[in-house]
Amino acid sequence: MPLFSARKFQVEKAKLDIVTENMREGAIVLNAKREVLFINPAARVMLELGRTEAKSAAILIAFQKKFPSVDLNRCVIGAKPKESQEVLSAESDSSFYEIRFCCVSGDGGSDKNQYVLIWMEDVTETKILERRKSEFVSVVAHQLRTPLSGLKWTLHMLISGDFGNLTDEQRTFLMKSYENNERMITLVNDMLAADRIESGRMKYTLMRISVRDLVENVLFEVFPSAQRRKIKIDFQCPPKENFPAFVDPSKIRAVLQNLLENSVKYTMKGGTVLIKMEASGTDVKITIKDNGIGIPKEQQAQIFTRFFRAGNAVKMEPSGSGLGLYMVKKIVEQHGGKCWFTSEEKKGSAFYVTIPTVAQENNKKITL
Ligand code: ADP
């Protein structure tokens, strides 16, 4: 007796047809010979194909015409079973798409039975909303900057006694207001910098520097706040290694400052922070490891997104923007490096950064 009766087969096919014909995402399935085995109506609309066009070559040419920036050949070859999919962003006629190439295995994973599913999603609406949000943040931040700067100087003059003598109590309150105003200015500046990064307007001035010197400088700056909190700082670096790199020193300094300040900020009194520098291939790898509050597992996936702060961090340190790590990752990646972390709640976190050193300068240039 057949495993699947013809009737059951028809029912299953009808169910599948309902799904594939009504979904908003475009789907195309190719076999190992690059023949199109399946294309759903949404994909036909996206590729501006007739309802009946069935020739594989015509479909693939239409795909390439619609998304000239996608290297179809490389993506089909590169799709591997069970591997996480790279999401490609493509723009076409003022619409934005996300495209994934997934390898689906028929049986036992033999090449003959491998199919590639091309998944296309129109993300124009999301992109427009993101753009509007970003424009809104930028307008608000610009509008806030001028009054905050004015307030800073008025408070400064009051504290300096320019408008007459102050009692100790008056001075203390004004100092508190000054500090809060400074925090607001930092937040506004971070919002504008994040917006510049997001829109690709961040400017980089590259020069050859010693990454070791930069790390040591930042350590020197962070040291007083670590001392105040009785946090031990341990620095490890191979002797005589300078790790020369071609970077924007002020941006990489901001990266290191952010990571180090975080590790001090999110570690309890008496804790330890380790900064380790080592060669990793042609990169320098910097590890910043603490035994602080750690990051809850369920929130780790969001840690590099804008404005995200984990619950335990908010409890420990109510003020914070959640913009630092977003900028850290972007800046490092735009220097051709990588940034990632491992963390366990209540045990600690380790943030890792790699930066190409000068030997590799010609291969891995800044991507902006
Ligand atoms: P902020 O520190 O202003 O909140 P960041 O972007 O620098 O913003 O960090 C985002 C979030 O990542 C923090 O709010 C915190 O939840 C988490 N985080 C970053 N560094 C650490 C660390 N060393 N230990 C624990 N949590 C951290």
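Which helix is Thr124 found in? I looked, and Thr124 is in helix α5. One note to self before going on: this is a predicted model.

**Entry: Thr124 and helix α5**

I stayed with Thr124 for a moment. With a relative accessible area of 13%, Thr124 is buried, because buried means under 20%. I also looked for a partner of its side chain. A polar atom of the Thr124 side chain lies 3.0 Å from the backbone nitrogen of Phe96.

Helix α5 runs over residues 124-159, and Ser134 is found there too. Is Ser134 buried or exposed? Ser134 turns out to be buried, at 11% relative accessible area. I then checked a distance from Ser134 to Thr154. The two are 20 residues apart in sequence, and their C-alpha atoms are 31 Å apart in space.

**Entry: the ligand**

Next I went to the ligand. How many residues surround the ligand? I have 22 in my notes, and the closest are Asn262, Tyr266, Arg309, Ala310 and Leu325. Sorted by class, the shell holds 10 nonpolar, nine polar and three charged residues.

Which elements supply the shell? I found that α8 (249-265), α10 (324-334) and β12 (348-356) each give at least two residues. Helix α8 gives the most, with four residues.

Then I looked at polar atoms, one by one. An N or O atom in the side chain of Lys265 is 3.1 Å from an oxygen atom of the ligand. In the side chain of Asp290, an N or O atom is 2.9 Å from a nitrogen atom of the ligand. At Gly324 the partner is in the backbone: a polar backbone atom there is 3.0 Å from an oxygen atom of the ligand. Taken on its own, the ligand has 530 Å² of accessible area, and the protein covers 97% of that. I also checked which pocket this is, and the space taken by the ligand is the largest pocket.

**Entry: two lysines with positive phi**

I went through backbone angles next. Most residues other than glycine have a negative phi. Lys230 caught my eye, since it is not a glycine and yet has a positive phi of about 55 degrees. Where does Lys230 sit? I found Lys230 in the loop between α7 (211-228) and β7 (232-236). Lys230 counts as exposed because its relative accessibility is 64%, and the cut-off for exposed is over 50%.

Lys240 went on the list as well. Its phi is near 65 degrees, again a positive value in a residue other than glycine. Lys240 lies in the loop between β7 and β8 (244-247). At 83% relative accessibility, Lys240 counts as exposed.

**Entry: Asn40**

Then I turned to a loop residue, Asn40, which lies between β2 (36-39) and α2 (41-46). Is Asn40 buried or exposed? I got 0% relative accessibility, so Asn40 counts as buried.

What does its side chain meet? I noted two backbone partners, Glu25 and Ala43. The backbone oxygen of Glu25 is 3.0 Å from a polar atom of the Asn40 side chain. The backbone nitrogen of Ala43 is likewise 3.0 Å from a polar atom of that side chain.

**Entry: three more helix residues**

I picked Met46 next, which is found in helix α2. Met46 counts as buried, at 9% relative accessibility. How far apart in space are Met46 and Lys66? I noted 8.2 Å, C-alpha to C-alpha, for a pair 20 residues apart in sequence.

Asn73 lies in helix α4, residues 72-78. At 43% relative accessibility, Asn73 counts as partly exposed. I paired Asn73 with Arg34, 39 residues away along the chain, and their C-alpha atoms are separated by 9.6 Å.

Ala14 came last, in helix α1, residues 6-22. Ala14 is partly exposed, because its relative accessible area of 37% falls between the 20% and 50% cut-offs. I paired Ala14 with Glu35: they are 21 residues apart in sequence and 23 Å apart in space, C-alpha to C-alpha.

How values were computed
Residues numbered from 1 in each chain as written. Predicted model: local features only at pLDDT ≥ 70, side-chain atom pairs only at ≥ 80, totals over all residues. Heavy atoms only, no water. Near = heavy atom within 4 Å. Polar contact = N/O pair within 3.5 Å; in protein donor to acceptor, adjacent residues only side chain to side chain. Areas by Shrake-Rupley, 256 points an atom, 1.4 Å probe, with all protein chains shown as cover. 1 Å grid on protein atoms, 1.4 Å probe; cavity = no way out; pocket = protein on both sides within 12 Å on 5 of 7 lines; lining within 4 Å. Sits in = over half its atoms within 2 Å of the grid points. Nonpolar A, V, L, I, M, F, W, Y, C, P; charged D, E, K, R; others polar. Buried < 20%, exposed > 50% of the residue type's maximum accessible area, 1.4 Å probe, protein only.
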